[in-house]
Amino acid sequence: MRVLMTGGGTAGHINPALAIAGKIKKENPDAQILFVGAKGRMETRLVPGAGFPIETVDVRGFQRRLSVRNVGRNVSAAFHAVTSGAEASRIIKRFRPDIAIGTGGYVSGPVLRRAAKMGVPVLVHESNAFPGVTVKMLAKCADAVLIADEAARRYLPEDCRVVVTGNPLGPGFVDPDREKARRELSLDSRPLILSYGGSLGADRINSVMAEVLERSHREGELQHIHGAGRGGYEKMCRGLKERGVPLDGEGIRVREYIDDMSRCMAAADLVICRCGAMTLSELPAAGKPSILIPSPNVAENHQYHNAMALVKKGAALCIEEKELTGDALWEAIHSLMDDEGRLCQMGENARRSAITDADDRIYAVVSQTLEEHGVSGKH
């Protein structure tokens, strides 16, 4: 089996691609897998780090906001859209894939369009509840679109084949052992709130959480683990010290980065976070109620759609950043922590919506697509 993988720009596109590639390699150790990414983007570091070869094309994203500067950028993007297609064709001819799989990001567009034109079966995976522009365009030429959440189906063409597969998950999120996690983290019996704004941090979330941590420190009824991110850690630490809040003691822990997310989530009673693609799957798998604060600075406001997918299932509350204040978040926290029945029901609602076998579902579609095109998955 020769598999061409493409997708990138953000971890939300790259990590599902790596998970799919890993599943294919596990089921078929002889499979040859080649990634195609955008020159100079994050995938050029993460993909080789995961042990897979990668080639690149020079492709640029189009800017949706009109400005003099963006007009120039879009002219450049249009030029590279043409040249990247030619580059993709050369890679496809040289590699001769049996199937091409994309996980979104603008690099997927020229690569999968050329693959389809050259007769290669194409699958597209959408990890968000609201499909991106690239995925919606590729749906017309794909053999199937694999979606993380049923909510995405309504935004795709009616005549395309859609399969709900979920997002591939890392180890530790499914069936978490809460008590074991709490022992490993040396927590006491008080409820734990886990909060974070992403690996780089989110200024607004850090600012508001500083207010919450100050009030929580005075009351002493809750424990907290907060991930401030690389971009906001030092600033938040200074601010908390000025407020008289200890950084690692008395139940409040502030980290630069949460590198044991599955364990912290297993131990938590409530999660406060952004709502990127993987959060959409990790919270249900762990069965955790949440307060979601979608980033307003993402394409097509897709984090808001992710959040609403969980809100509509009764698994989360959503506070948009324009409405986010210390008082609003504090009241939302206590509205849940003071109502144990509601908190437990939200966790159960999250768990009921979980898809925990996404890698198996995706691999099944890959195998079926190959069979439909007369290709054996074991050659």
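What follows is a chat about the cores, one helix, one strand and the aromatic pairs of a predicted model.

Q: Let's start inside. Which residues of the largest nonpolar core touch the most other members?
A: That core has 32 residues, and the ones touching the most other members are M209, L240, L270, I272, I291, L329 and I333.

Q: Which elements each supply at least two residues of this core?
A: Those are helices α7 (203-219), α8 (233-242), α12 (326-337) and α13 (340-352), plus strands β11 (252-255) and β12 (270-273).

Q: And what is M209 in contact with, leaving aside neighbours within four places in sequence?
A: Its contacts are S195, H224, H226, M236, I272 and L329. I272 and L329 are also in the list of core residues that touch the most other members.

Q: How many residues are in the second core?
A: That one, separate from the first, has 30 residues, including M261, A286, A309 and L310.

Q: Back to α7. Which of its residues are buried?
A: I205, N206, V208, M209, A210, V212, L213 and S216.

Q: What covers them?
A: The cover includes strands β8 (192-196), β9 (223-227), β11 and β12, together with helices α8 and α12.

Q: How far apart are the end C-alpha atoms of α7, and what span should its residues give?
A: The ends are 25 Å apart, and 17 residues at 1.5 Å each should span 24 Å, so the two agree. Just after the helix, G220 has a positive phi of about 75°.

Q: Switching to β5. Is it mostly covered or exposed?
A: Mostly covered: five of the five residues in β5 (122-126) are buried. V122, V124 and E126 are on one side, L123 and H125 are on the other, and both faces are covered. In general, side chains in a regular strand alternate between the two faces of the sheet.

Q: Which strands pair with β5?
A: β4 (residues 99-102) pairs with β5 in the parallel sense over three bridges, and β6 (residues 144-147) does so, also parallel, over four. On the β4 side, I101 has L123 as its bridge partner; on the β6 side, V124 stands opposite V145.

Q: What sits between those strands, and which hand are the units?
A: Helix α4 (residues 108-117) joins β4 and β5 in a right-handed β-α-β unit. Helix α5 (residues 133-138) does the corresponding job for β5 and β6, and that unit is right-handed too.

Q: What does T369 touch, apart from residues up to four places away?
A: I99, P121, L123, D143 and R161. T369 lies in helix α14 (residues 358-372), and because its relative accessibility is 0%, T369 counts as buried.

Q: Aromatics next. How many pairs does a search of the whole structure find?
A: Two. F35 and F52 make a tilted pair, with 5.6 Å centre to centre and 50° between the planes. F35 is in strand β2 (residues 32-38) and F52 is in the loop between α2 (43-49) and β3 (54-57), so the pair ties together parts 17 residues apart in sequence. Both rings' residues, F35 and F52, are buried.

Q: Why is the F130 and Y155 pair edge-to-face?
A: Because the planes of F130 and Y155 are at 65°, and over 60 counts as edge-to-face. Their centres are 4.6 Å apart. F130 sits in the loop between β5 and α5 and Y155 in the loop between β6 and β7 (162-164), 25 residues apart.

Q: Are those two buried or exposed?
A: F130 is buried, at 12% relative accessible area, while Y155 is partly exposed, at 27%.

Methods. Residues numbered from 1 in each chain as written. Predicted model: local features only at pLDDT ≥ 70, side-chain atom pairs only at ≥ 80, totals over all residues. Heavy atoms only, no water. Core = buried A, V, L, I, M, F, W, Y, C linked by side-chain atoms within 4.5 Å. Buried < 20%, exposed > 50% of the residue type's maximum accessible area, 1.4 Å probe, protein only. Contact = heavy atoms within 4.5 Å. Expected span 1.5 Å × (residues − 1). Pairing = 2+ DSSP bridges. Right-handed = clockwise from strand over helix to strand, strands pointing away. Phe/Tyr/Trp six-rings, centres within 6.5 Å; stacked < 30°, edge-to-face > 60°.
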